[in-house]
Amino acid sequence: MSADDTNPAALAKPVADVQGDARWISQHTRFVQECKDGEPEVLFIGDSMVQLMQQYEVWRELFSPLHALNFGIGGDTTCNVLWRLQNGELENIRPKVVVLWVGTNNHEHTAEQVAGGILAIAELLTSTLPKAKVIVLGLLPRGERPNPLREKNAAVNNFLRSWLPRLSQTQLLDVSGEFVHSDGTISPQDMFDFLHLTSSGYRAIAKPLSDLLLQILEETPEERRASLV
């Protein structure tokens, strides 16, 4: 599956305002304004997994000091993130790193389509921000016990592991193995609803992500250019 218009998970579209309060487009509008006001070194973009991160101490400890912006919206799919990026959320900013985490809400798409949608976003990021590195976070397992959605998310990560190397400035960070115990269960201490992370769950993600971000940000411009070749 290539990231082209034949893939429904790679078609940009906004969220329909079925509830009538325009919350989604209001959040998008706020992000576009933040692009005019801020100069982030790191941009986080994705769904609720990104959005909720800023509610925890790890955000203030590890990511805020990196001049990070958080453009997460709960419920977003790859299609919604694509639309947001194509409609102003990359204007006026030049982050050194973009962290992308989306795909677990693409319930109507196959694993291959979801991975293709993520690849389409990564391609857009690398073409729009040619000097930036892109970190794609792997999808996490979900549900207390083994289930088809876990298998689907694992398959998405496998496709990404195969496809992302074609984009030289993009890499996959997959820490999904941290959350499943030997008996196949996920603990509510890590995911309070067996999908969204607790404080300890975010810490399991934050340490390897922070280490990678610091490694990239500490590179000299010459090293960064060399690593893009």
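Contact, in what follows, means heavy atoms within 4.5 Å. Keep that in mind as we walk through this structure, which is a predicted model.

Let's start with the whole chain. The protein chain has eight helices and five strands, and along the sequence they come in the pattern α-β-α-α-β-α-β-α-β-α-β-α-α. The radius of gyration is 17 Å, close to the 17 Å that the globule rule gives for 229 residues, so the chain is as compact as a globular protein of that length. If you drew a box around the C-alpha atoms along the principal axes, it would be roughly 45 × 40 × 35 Å. Buried residues make up 53% of the 229 residues. As for who touches whom, take the contacts with a separation of 6 or more: 79% of them are between residues 24 or more positions apart.

Now zoom in on helix α1, residues 23–37. With 15 residues at 1.5 Å a residue, this helix should span 21 Å, and its end C-alpha atoms are indeed 21 Å apart, so the two values agree. Which residues of α1 are buried? They are W24, Q27, H28, F31, V32 and C35. Look down the axis of α1 and these buried residues fall within an arc of 140°, which means that they line one face of the helix. Turn to the face that points away from this buried side and you'll find the exposed residues K36 and D37. And what covers the buried residues of α1? The cover includes α2 (48–51), β2 (68–72) and α4 (78–86).

Next along our path is strand β1, residues 42–46. Here five of the five residues are buried. In a regular strand the side chains alternate between the two faces of the sheet. In β1, both faces are covered: V42, F44 and G46 are buried on one side, and L43 and I45 are buried on the other. This strand has partners, too. Five bridges join β1 to β2, and the two run parallel. Five bridges also join β1 to strand β3 (residues 97–101), again running parallel. V42 is a handy place to see both pairings, since you can find A68 of β2 opposite V42, and V97 of β3 opposite V42 as well.

From β3, follow the chain into the loop that leads to α5 (111–128). Two residues there are worth a stop. V102 lies in this loop. Is V102 buried or exposed? Its relative accessibility is 2%, so V102 counts as buried. Setting aside residues up to four places away in sequence, V102 touches G46, D47, D76, T77, T78, V81, I118, I121 and L139. One of these, I121, is 19 residues from V102 along the chain, and their C-alpha atoms are separated by 9.8 Å.

N105 is found in the loop between β3 and α5 too. The cut-off for buried is under 20% relative accessible area, and N105 has 18%, so N105 is buried. Leaving out neighbours within four places in sequence, N105 is in contact with D47, G75, D76 and T77. Where does the side chain of N105 find a polar partner? A polar atom of that side chain lies 3.0 Å from the backbone oxygen of D76. Look back at V102 and you'll see D47, D76 and T77 among the residues it touches.

Conventions: Residues numbered from 1 in each chain as written. Predicted model: local features only at pLDDT ≥ 70, side-chain atom pairs only at ≥ 80, totals over all residues. Heavy atoms only, no water. Helix = DSSP H or I, 4+ residues; strand = E, 2+ residues; numbered from the N terminus. Expected span 1.5 Å × (residues − 1). Buried < 20%, exposed > 50% of the residue type's maximum accessible area, 1.4 Å probe, protein only. Arc of directions from axis to C-beta. Pairing = 2+ DSSP bridges. Polar contact = N/O pair within 3.5 Å; in protein donor to acceptor, adjacent residues only side chain to side chain. Rg over C-alpha atoms; globule rule 2.2 N^0.38 Å.
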